[in-house]
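Biologist: I'd like a close look at a single part of this protein, with whatever the coordinates can tell us about its surroundings. Here is the sequence with the structure.

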Amino acid sequence: MIRKIYDMLIKNQREIKNQIYNTANYLKQEIQEKIKEYWNNYTPNTQLGQLEFVAVDGGSFSKAMRIGIIYAVGAESVIGDKGGVKPLGEDGRIGIFKPGNDAQERISLLMEALELLLALKDGKLGDYVLMDGSLNKKIGKKVDIQKFSKDELNLVENVDIDSIINLKDEEKMKDLLTLTNQLLISKIIEEYDGKVLWISKTSRSRDLFDTDYPDITVFELFTEETGFSNPIVKNIASEKVSNYDKVEILKNMEYSTFYARLDKGKRVIRIDITGRIDENIAKDIIDSISGISVKGYPFPLLKAHIDVRFSKSDREKIIRMIGSRLYKNIEWWPTQFD
């Protein structure tokens, strides 16, 4: 089959290239003026005083087996400046979820909880806290707390992650993790408001241009210089936030978002920060993080990302180790472990 695809590509290569060119040319004509309206070329001032950045990221690995979903999640915090980066803290969990609904979502929520815990603990050590991902996405969705008992809500209040992930009710586990993450985000905002930057490498938001393409893609296609977009103010929709008094701060909370390129010709990133900011504050942020960026991305955040990534050999070793332990304790043997 693949040979047929190659034959079709050779035959239609010129036509496909023309389609790409025509689409790009159409987009450029349609939105060129809008880009000038929203985008500001700006050369960052990287000669600021020595600032320190705490960065947090997480990684996960999961594999569906006959016995359930094997998962491993980890998170790391690092601190860095122009002189280098060093680790601060780390956390992780490994286990098996029984086959069921939303296993991957629960694994992601668990990873985010570990990230947020480290940010809350270590954020005080830096001038800025760098978090991977968008603020709005981290908040998740509204949870009906009426279905929780007082003891279950205490698990959230005490951030008792181990007890939550050992619950037999999978739906309740997922919702308690979601509520826990909203609580942790609330605490982080209350503790470090104005110094937490939520940084995204990708974004689906279409707030600025009336096209089928995300704003971040448009800026990457039709700008090249360092600079930033005009900040826009958004609100966390109240319907996303649970009716839980300890996360009330999140309801309709204002936050600013803008796009930035820190190095000429490199990728555009999206930055979220709580509250209202203007162009001058956006410039201050760009000046600050440009000094510790490599190829247009903050190096402390990149270092944390690399450290928490599960390599192919890591994944294979985890499966072998768990498999060998299971083999000693059960009579039957899933073919995946052979």
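How many bridges join strand β2 (residues 53-65) to β5, and do the two run parallel or antiparallel? Please start from there and walk me outwards.

Modeller: Sure, and bear in mind that this is a predicted model. Four bridges join β2 to β5, and the two strands run parallel. If you want a residue to click on, take V54, whose bridge partner in β5 is V129.

On to β5 itself, which covers residues 128-132. The strand is mostly covered, with five of its five residues buried. In a regular strand, side chains alternate between the two faces of the sheet. Here Y128, L130 and D132 sit on one side, V129 and M131 sit on the other, and all of them are buried, so both faces of β5 are covered.

β5 also pairs with β6 (residues 196-200), again parallel and again through four bridges. In that pairing, L130 stands opposite L197 of β6.

Keep going and β6 is joined to β10, this time by three bridges and in the antiparallel sense. W198 has D272 as its bridge partner in β10. β10 spans residues 269-274, and six of its six residues are buried. I269, I271 and I273 point one way from the strand, while R270, D272 and T274 point the other way, and all are buried. So the buried set on β10 includes R270 and D272, and D272 is the residue that partners W198.

Next comes β9, which pairs with β10 over six bridges, antiparallel. Y255 stands opposite T274 there.

Now for the aromatics, which take us back to both β2 and β9. A search of the whole structure turns up eight aromatic pairs. In one of them, the rings of F61 and F310 have centres 6.3 Å apart and planes at 40°, so the pair counts as tilted. F61 lies in β2 and F310 in the loop between α9 (299-308) and α10 (312-329), so this pair ties together parts 249 residues apart in sequence. F61 has a relative accessible area of 9%, which means that F61 is buried. Another tilted pair is F219 with Y259, at 5.6 Å centre to centre and 45° between the planes. That pair links distant parts of the chain as well: F219 is in helix α7 (residues 215-222), Y259 is in β9 (residues 254-261), and they are 40 residues apart. Both F219 and Y259 are buried. They also belong to one aromatic cluster, together with Y38, W39 and F209. For a ring with a charge on it, look at F97: the charged end of R106 sits over that ring, 4.7 Å from its centre.

Leading up to β6 along the sequence is helix α6 (residues 170-192). With 23 residues at 1.5 Å a residue, α6 should span 33 Å, and its end C-alpha atoms are 33 Å apart, so the expectation and the model agree. The helix is mostly covered, with 19 of its 23 residues buried. At its start, a side-chain oxygen of D169 comes to within 3.2 Å of the backbone nitrogen of E171. Just after α6, G194 takes a positive phi of about 90°. Inside the helix you'll find I189, which is buried because its relative accessible area is 5%. The C-alpha atoms of I189 and I236 are separated by 13 Å, with their positions 47 residues apart along the chain.

A couple of backbone spots deserve a check too. Most residues other than glycine have a negative phi. V159 and K295 go the other way, with phi near 50° for V159 and near 55° for K295. V159 lies in the loop between α4 (150-157) and α5 (161-165), and at 19% relative accessibility it counts as buried, because the cut-off is under 20%. K295 is in the loop between β11 (293-294) and β12 (297-298), and at 63% K295 counts as exposed.

As for annotation, UniProt places "domain: NurA" at residues 51-310, in an unreviewed entry. That span is 35% helix and 29% strand, and its end C-alpha atoms lie 30 Å apart.

Terms used:
Residues are numbered from 1 along each chain as its sequence is written. This is a predicted model: local features need pLDDT of at least 70, side-chain atom pairs count only at pLDDT 80 or more; totals for chains, interfaces and linings use all residues. Side-chain values use heavy atoms; hydrogens and water are left out. Buried means under 20% relative accessible area, exposed over 50%, partly exposed in between (1.4 Å probe, protein chains only). Two strands pair if DSSP finds at least two bridges between them. The expected span of a helix is 1.5 Å times one less than its number of residues. A polar contact is a pair of N or O atoms within 3.5 Å; within protein, one must be able to donate a hydrogen and the other to accept it, and residues adjacent in sequence count only if both atoms are side-chain atoms. UniProt positions are given in the numbering used here, feature names are shortened, and annotations may be inferred rather than shown by experiment. Rings of Phe, Tyr and Trp (its six-membered ring) pair if their centres lie within 6.5 Å; planes under 30 degrees apart count as stacked, over 60 as edge-to-face and the rest as tilted. A charge sits over a ring if NZ of Lys or CZ of Arg is within 6 Å of the ring centre and within 35 degrees of the ring normal.
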